[in-house]
Amino acid sequence: MMCYTALQRRSTRRAASTPAITAKLELKPPPYPLNALEPHMSQETLSYHWGKHHRGYVENLNKQITGTELDGMLLEDIIFLTYNRGDILPPFNNAAQIWNHEFFWESMKPDGGGKPTGDLLELIKRDFGSIDTFMEEFRAAASTQFGSGWAWLAYKANRLDVGNAVNPSPADEDKKLVVVKSPNAVNPLVWDYYPLLVIDVWEHAYILDFEARRADYISIFMEKLVSWEAVGSRLEMAKAQAAERESEERRRQEEEEKNAGDAEAVEMYLDSNSDEPEAD
């Protein structure tokens with residue numbers, strides 16, 4: 001049996017719009033029929049990608065965790081624990097790939113594409129300079145991810161002391177949007193970022209429709225498939241959760257300071273009493 005008791009646990013920070021998943025893990029379908037993204041993503045691609053690859057990750061993870069201390073945990077907790085500060089443990093790849101694929105399906109919609117609106121658009125303009133600059137950065141991240149992996153838009157919220165997070169940009173300003181890419185199954189949860197949008201650049205995501213033309217696949221994804229409504233909703237949830245974490249951190253610090261002050265006052269009182277002369 002695998003032992004994970006030595007790994008630091010954390011309270012799960014739910015990523016935006018993703019429901020809790022516990023073992024026995026089930027294969028969750030995309031939120032639309034498998035032919036709904038045609039002609040931009042074929043039913044053949046979705047059937048192959050979801051029905052074979054996504055299904056395989058679910059089946060393999062169930063085999064790996066049954067009877068272990070991971071059995072029954074939330075999927076995000078499994079990801080966080082088995083990432084192990086980059087010294088990846090066996091269940092990580094299957095767990096992260098399940099999460100990544102569900103997030104990917106929910107990042108698309110029939111008749112998608114267009115432009116973001118509202119607060120999401122304003123933050124994109126603030127953090128990237130313009131929507132066009134953001135699009136260029138996202139396309140570049142997806143195009144230049146060597147081999148298999150993912151490109152993400154994420155919200156970098158709080159630089160807190162999270163024991164197992166390996167933050168790739170710890171000195172960057174907080175509360176900003178960032179474009180990042182990740183190899184294989186890695187996702188921004190392990191950096192303590194809030195994912196907002198993702199594109200899968202594993203070859204099986206586009207080979208049937210675009211052959212080796214990854215750049216064409218990325219363009220179609222951005223122009224015809226992205227659900228900006230989903231991205232905007234995730235941003236609002238991320239900001240709310242980040243604000244709650246900050247409040248909890250402030251309350252914790254205030255409580256620690258109060259307890260330290262109380263302990264110091266008691267110690268001073270005891271010291272003052274010990275200095276008084278004893279009565280005859």
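The exercises below work through a predicted model of one protein chain.

**Exercise 1. Outline of the chain**

Task: State how many helices and strands the protein chain has, and in what order the elements run.

Solution.
- Step 1. The secondary structure of the protein chain consists of eight helices and three strands.
- Step 2. Read from the N terminus, the order of the elements is α-α-α-α-α-β-β-β-α-α-α.
- Step 3. The chain has 280 residues, and 46% of them are buried.
- Step 4. Among contacts in the chain with a separation of 6 or more, 79% are between residues 24 or more positions apart.
- Step 5. The accessible surface of the chain is about 13,800 Å², and carbon and sulfur atoms hold 51% of this surface.

**Exercise 2. Two helices that cross**

Task: Describe how helix H1 and helix H3 cross, and which residues meet there.

Solution.
- Step 1. Helix H1 covers residues 43–65 and helix H3 covers residues 92–106.
- Step 2. The axes of H1 and H3 come within 8 Å, and the crossing angle is roughly 145 degrees.
- Step 3. The crossing of H1 with H3 is left-handed.
- Step 4. On the H1 side, the residues in contact include Leu46, Trp50, Tyr57, Val58 and Leu61. On the H3 side, they include Ala95, Ile98, Phe104 and Trp105.
- Step 5. By type, the residues of this contact between H1 and H3 are nine nonpolar, seven polar and one charged.

**Exercise 3. The cover over H2**

Task: Find how many residues of helix H2 are buried, and what covers them.

Solution.
- Step 1. Helix H2 spans residues 75–83, and nine of its nine residues are buried.
- Step 2. The buried residues of H2 include Leu75, Ile78, Ile79, Phe80 and Leu81, and also Glu76 and Asp77.
- Step 3. H1 and H3 are among what covers the buried residues of H2.
- Step 4. Just after H2 comes Asn84, with a positive phi of about 55 degrees.

**Exercise 4. The nonpolar core**

Task: Name the residues that touch the most other members of the largest nonpolar core, and list neighbours of Leu153.

Solution.
- Step 1. The largest nonpolar core holds 75 residues. Those touching the most other members are Phe134, Phe138, Leu153, Leu177 and Phe221.
- Step 2. H3 gives the most to this core, namely eight residues.
- Step 3. Leaving aside residues up to four places away in sequence, Leu153 touches Phe128, Phe134, Phe138, Leu177, Val178 and Val179, among others. Its neighbours also include Tyr194, Pro195, Leu196, Leu197 and Val231.
- Step 4. In soluble globular proteins, nonpolar side chains tend to be buried together.

**Exercise 5. The loop between E2 and E3**

Task: Decide whether Leu189, Asn184 and Asp192 are buried or partly exposed.

Solution.
- Step 1. Leu189 lies in the loop between strand E2 (176–183) and strand E3 (194–200). Asn184 is in the loop between E2 and E3, and so is Asp192.
- Step 2. Buried means under 20% relative accessible area. Leu189, at 2%, is therefore buried, and Asp192, at 6%, is buried.
- Step 3. Asn184 has 42% relative accessibility, so Asn184 counts as partly exposed.
- Step 4. Phi is positive at Asn184, near 55 degrees, and at Asp192, near 65 degrees.
- Step 5. The C-alpha atoms of Leu189 and Tyr83 are 10.0 Å apart, although 106 residues separate them along the chain.

**Exercise 6. A cis peptide bond**

Task: Locate the cis peptide bond that joins Glu38 and Pro39.

Solution.
- Step 1. The bond between Glu38 and Pro39 is cis, with omega about 5 degrees.
- Step 2. Pro39 is placed in the segment before H1.

Technical notes: Residues numbered from 1 in each chain as written. Predicted model: local features only at pLDDT ≥ 70, side-chain atom pairs only at ≥ 80, totals over all residues. Heavy atoms only, no water. Axes fitted to C-alpha atoms, helices over the stretch in contact; angles between N-to-C directions. Helix = DSSP H or I, 4+ residues; strand = E, 2+ residues; numbered from the N terminus. Left-handed = near helix turned anticlockwise from the far one by under 90°. Contact = heavy atoms within 4.5 Å. Nonpolar A, V, L, I, M, F, W, Y, C, P; charged D, E, K, R; others polar. Buried < 20%, exposed > 50% of the residue type's maximum accessible area, 1.4 Å probe, protein only. Areas by Shrake-Rupley, 256 points an atom, 1.4 Å probe, with all protein chains shown as cover. Core = buried A, V, L, I, M, F, W, Y, C linked by side-chain atoms within 4.5 Å.
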